[in-house]
Amino acid sequence: AIRELDVSKWKDQYVEFLYASQNGKKIYFQRIKRTWDEKELCVYDMDTDSVRVLIHEVDKPFFDYVLAQVFFLNDGKEIVYRSERTGFGHFYLYDGETGQLKRVLTSGEYVTGHIQEIDSKTRDLYFYAYGVVPDRDPYYKVLCKTNIDKGGFQILTPENATHKIELSPVGKYII
């Protein structure tokens with residue numbers, strides 16, 4: 001059966017599919033205001049035929065759509081979400097059922113870049129950061145790591161250069 005969802009909120013908005021639960025009963029999507037200064041992460045529930053807003057974000061004057069990221073863990077039970085609410089781009093962990101903030105994953109006067117990998121077993125989050133190493137060019141990207149549950153921020157590539165990283169399959173080596 002085909003269902004048409006009413007996802008409209010703003011005039012001239014963008015809607016982006018993000019994730020579908022394994023059983024197909026929940027569809028996560030993002031709607032973005034055309035001015036790129038407001039967005040919502042929403043979930044459509046097949047059983048109730050309803051759309052709920054999980055995360056509502058306002059970024060003035062606008063957010064960085066290139067570095068905007070959303071990752072779903074445990075089949076949507078948790079969401080890693082990048083926000084610029086502090087003036088710096090950082091990662092936050094949300095409850096995927098309620099939309100409640102569970103914890104701040106990164107913070108400080110630096111900007112997080114793209115997530116390289118999330119290790120589902122150790123729950124380590126590997127990501128690039130800019131401006132995190134003192135006295136280094138803030139445009140150099142370096143690899144960092146934090147644990148989703150325990151924290152423990154760590155800079156893995158502090159050398160005075162920009163980095164493009166590949167992790168070994170078991171996460172033990174960095175190339």
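Two strands pair if DSSP finds at least two bridges between them. Helices (H or I, at least four residues) and strands (E, at least two) are DSSP runs, numbered from the N terminus. This is a predicted model, in which local features need pLDDT of at least 70, side-chain atom pairs count only at pLDDT 80 or more, and totals for chains, interfaces and linings use all residues. Residues are numbered from 1 along each chain as its sequence is written, and side-chain values use heavy atoms, with hydrogens and water left out.

**Exercise 1. Find the strands that are joined to β6, and say how they run.**

Step 1. Start with strand β5, residues 70–73: 4 bridges join β5 to β6, and the two run antiparallel. Within this pair, Phe-71 has Val-80 of β6 as its bridge partner.

Step 2. Go on to strand β7, residues 90–95: 6 bridges join β6 to β7, again in an antiparallel arrangement. Here Tyr-81 stands opposite Tyr-92 in β7.

**Exercise 2. Decide how many residues of β6 are buried, and on which faces.**

Step 1. Fix the term. Buried means under 20% relative accessible area, exposed means over 50%, and partly exposed lies in between (1.4 Å probe, protein chains only).

Step 2. Count along the strand. In β6, residues 78–83, 6 of 6 residues are buried.

Step 3. Sort them by side. Glu-78, Val-80 and Arg-82 lie on one side, while Ile-79, Tyr-81 and Ser-83 lie on the other. Both faces of β6 are therefore covered.

**Exercise 3. Identify a residue with positive phi in each hairpin that contains β6.**

Step 1. The hairpin of β5 and β6 has 4 residues between the strands, and Asn-74 takes a positive phi near 50° there.

Step 2. The hairpin of β6 and β7 has 6 residues between the strands, and Gly-87 takes a positive phi near 95°.

**Exercise 4. Locate the cis peptide bond and two further residues with positive phi.**

Step 1. Recall the background. Most residues other than glycine have a negative phi, and most peptide bonds are trans.

Step 2. Find the cis bond. It joins Lys-60 and Pro-61, with omega about 5°. Pro-61 sits in the loop between β4 (50–58) and β5.

Step 3. Take Asp-12, which is not a glycine yet has a positive phi of about 60°. Asp-12 belongs to the segment before β1 (14–20). Its relative accessibility is 46%, so Asp-12 counts as partly exposed.

Step 4. Take Trp-36, also not a glycine, with a positive phi of about 60°. Trp-36 is in the loop between β2 (26–32) and β3 (38–45). Trp-36 is partly exposed because its relative accessible area is 23%.
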